[in-house]
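Thanks, everyone. Please have the viewer open, and let's walk through this one together.

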Amino acid sequence: MTRTLLALDLGTTTGWALRTPDRRIVSGTQSFKPQRFEGGGMRFLRFVRWLDELQALSGGLQHLAFEEVRRHASTDAAHAYGGFFGQLSAWCEQHAIPYHGVPVGTIKRHATGKGNANKDAMLTAVRSWGYAPADDNEADALALLHWAIAQEAR
């Protein structure tokens, strides 16, 4: 039986792609934009609740891969990523779900052949596989999922 695998492009708009045990792939984006009158940590609590929902709806996640970002466009983006990563790693540990980060360049190279591909190239590559991602976050998650599936085949 195929493992349930979740791939995440962490951020305020998180891209996600899920392979189910019957090998179907579903994907999308989820917004964790801070809402009016909401404390600074609420976006992270909503993120954890969302992970709980994915866990329940998928019948149980068996592996999780996330885009490992080492350089951010802004301090705010770095802080948000760090918060999401902290919550994600704690959640995976709590649920005994193996997880690993994959460098951005590795994902881009897998999808396009170039480790420094831009957003348009990533969207084009993922669309050529038959997907219709809503944005670059979903495209990155799909590319990461395909990379993780390829690693399983090795």
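I'll cover the cores, then two helix pairs, then a few single residues. One thing up front: this is a predicted model.

Let's start inside. The largest nonpolar core holds 23 residues. Which of them have the most contacts inside it? Those are Leu6, Leu8, Phe47 and Leu88. Now look at where the core comes from. Two strands early in the chain give two or more residues to it: β1, at 5-9, and β2, at 13-19. So do helix α1, at 42-58, strand β4, at 63-68, and helix α2, at 75-94. As general background, nonpolar side chains in soluble globular proteins tend to be buried together.

Zoom in on Phe47. Leaving out residues up to four places away in sequence, what does Phe47 touch? The list is Leu8, Leu10, Phe32, Phe84, Gln87 and Leu88. Leu8 and Leu88 have come up already, among the residues with the most contacts in the core.

There is another core, apart from that one. This other core has 19 residues, including Leu5, Val102, Leu123 and Ala139.

On to the helix pairs. Take α1 and α2. Their axes come within 10 Å and cross at roughly 40°. That makes α1 oblique to α2. The crossing is right-handed. On the α1 side, the contact uses Arg43, Phe44, Phe47, Val48, Leu51, Asp52 and Gln55. On the α2 side, look for Ala80, Gly83, Phe84, Gln87, Leu88 and Trp91. So Phe47 is part of the α1 and α2 contact, and Phe47 is also in the largest nonpolar core. Sorted by class, this contact has eight nonpolar, three polar and two charged residues.

Next pair: α3, residues 104-112, and α4, residues 119-128. Here the angle is about 50°, and the axes are 9 Å apart. Again the result is oblique, α3 to α4. Which hand does the crossing of α3 and α4 have, left or right? It is left-handed. From α3 come Ile107, Lys108, Ala111 and Thr112. They meet Ala121, Met122 and Ala125 of α4. By class, the contact of α3 with α4 has five nonpolar residues, one polar and one charged.

Now some single residues. Back to α1 for Arg46, which lies in that helix. Is Arg46 buried or exposed? Its relative accessible area is 14%, so Arg46 is buried. Arg46 touches Ser31, Phe32, Lys33, Pro34, Gln35 and Glu38, again setting aside residues up to four places away in sequence. Notice Phe32: Phe47 touches Phe32 as well.

Two loop residues deserve a stop for their backbone. Arg23 sits in the loop between β2 and β3, where β3 is 25-31. Arg23 is not a glycine, yet its phi is positive, about 70°. Arg23 is exposed, at 63% relative accessible area. Ala96 is in the loop between α2 and β5, with β5 at 99-103. Its phi is near 55°, again positive in a residue other than glycine. Ala96 is exposed too, at 66%.

Last stop, Tyr131. Find it in the loop between α4 and α5, the latter at 136-152. Tyr131 is partly exposed, with a relative accessible area of 21%. Its contacts are Ile25, Val126, Leu142 and His146, with residues up to four places away in sequence not counted. Tyr131 and Asp120 are eleven residues apart in sequence, and their C-alpha atoms are 14 Å apart in space.

That's the tour. Questions, please.

Definitions and conventions. Residues are numbered from 1 along each chain as its sequence is written. This is a predicted model: local features need pLDDT of at least 70, side-chain atom pairs count only at pLDDT 80 or more; totals for chains, interfaces and linings use all residues. Side-chain values use heavy atoms; hydrogens and water are left out. A nonpolar core is a set of buried Ala, Val, Leu, Ile, Met, Phe, Trp, Tyr and Cys residues joined through side-chain atoms within 4.5 Å. Buried means under 20% relative accessible area, exposed over 50%, partly exposed in between (1.4 Å probe, protein chains only). Helices (H or I, at least four residues) and strands (E, at least two) are DSSP runs, numbered from the N terminus. Contact means heavy atoms within 4.5 Å. Axes are lines fitted to C-alpha atoms, for helices over the stretch in contact, and angles run from 0 to 180 degrees between N-to-C directions. Angles under 35 degrees count as roughly parallel, over 145 as roughly antiparallel, 65 to 115 as roughly perpendicular and the rest as oblique. A crossing is left-handed if the near helix is turned anticlockwise from the far one by less than a right angle, and right-handed if clockwise. Ala, Val, Leu, Ile, Met, Phe, Trp, Tyr, Cys and Pro count as nonpolar, Asp, Glu, Lys and Arg as charged, and the others, Gly among them, as polar.
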